[in-house]
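Trainee: Could you take me slowly through one part of this model, a single strand together with its partners and its side chains? I would like one connected account rather than a list.

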Amino acid sequence: MSDKIDKVIARKGVVAAEFLSSSYRISGEVVLKGQPVVDSMNDKMSNFIRAENIYVSPISDPAVLKAHYTFGQLRKENISMVVINREEDGASRHSIYHTQPNQPIIFSLFATVSGFEVRGGLKINSLTDVDNLLMQSVDRFITIYRATARAAENQAIEFSGGAILLNRESVNIVCVDKAVQ
């Protein structure tokens with residue numbers, strides 16, 4: 001993640017995040033309202049998520065700041081992915097894929113999303129959960145743990161965090177490999 005996001009003074013109930021669309025990086029803070037970021041992104045009652053202290057940059061040159069705003073609303077369906085620092089902020093309270101009595105297995109994942117290659121870990125109970133997660137889930141965003149997203153056109157442009165939330169509707173390819181430790 002950018003140095004700016006890492007240096008944000010932590011406020012209780014607020015998570016720093018980078019929202020990536022096909023053209024822009026929007027860095028900001030999300031007020032959690034008692035639920036994890038992924039649950040806010042998957043909330044069907046709103047098509048938008050509110051962010052504060054927003055910085056807007058082009059994806060092609062994320063170090064260039066185009067604008068700064070106190071707050072704004074981001075349309076969820078236009079967000080390809082959300083990068084967050086801490087792994088635990090990507091864990092859903094409502095996930096059906098982590099509720100088995102067994103510890104979930106971490107599978108290695110590779111995906112392409114809107115000009116990015118994403119690599120990380122997918123916590124599920126078995127490989128059959130991948131099909132369920134991608135085809136039958138009602139959730140729009142999937143949590144990928146310890147993840148990195150690199151621009152396909154310029155591999156020097158990289159975003160990483162404890163979790164990346166992928167918009168299922170933006171995913172082009174998903175490949176899953178044997179469990180990683």
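Mentor: Two strands are taken to pair if DSSP finds at least two bridges between them, and with that in hand we can look closely at strand E3 in this predicted model. Strand E3 covers residues 48-58, and with strand E2, residues 24-31, it pairs in the antiparallel sense over five bridges; within that pairing, Glu29 has Glu52 of E3 as its bridge partner. Strand E3 is also joined to strand E4, residues 67-75, by eight bridges, and these two strands likewise run antiparallel, with Tyr55 finding its bridge partner in His68 of E4.

Turning to the side chains, we can begin with Ile49, which belongs to strand E3. Ile49 counts as buried because its relative accessibility is 5%, where the cut-off for buried is under 20%. Leaving aside residues up to four places away in sequence, Ile49 touches Phe19, Val30, Ser40, Met41, Gly72, Gln73, Leu74, Lys76 and Ile79. Val37 lies 12 residues from Ile49 along the chain, and the C-alpha atoms of these two residues are separated by 9.7 Å.

In a regular strand the side chains alternate between the two faces of the sheet. Arg50 places its charged end over the ring of Phe71, at 4.3 Å from the ring centre. A second arrangement of this kind can be set beside it, in which the charged end of Lys123 sits over the ring of Tyr145, 4.2 Å from its centre.

Definitions and conventions
Residues are numbered from 1 along each chain as its sequence is written. This is a predicted model: local features need pLDDT of at least 70, side-chain atom pairs count only at pLDDT 80 or more; totals for chains, interfaces and linings use all residues. Side-chain values use heavy atoms; hydrogens and water are left out. Helices (H or I, at least four residues) and strands (E, at least two) are DSSP runs, numbered from the N terminus. A charge sits over a ring if NZ of Lys or CZ of Arg is within 6 Å of the ring centre and within 35 degrees of the ring normal. Buried means under 20% relative accessible area, exposed over 50%, partly exposed in between (1.4 Å probe, protein chains only). Contact means heavy atoms within 4.5 Å.
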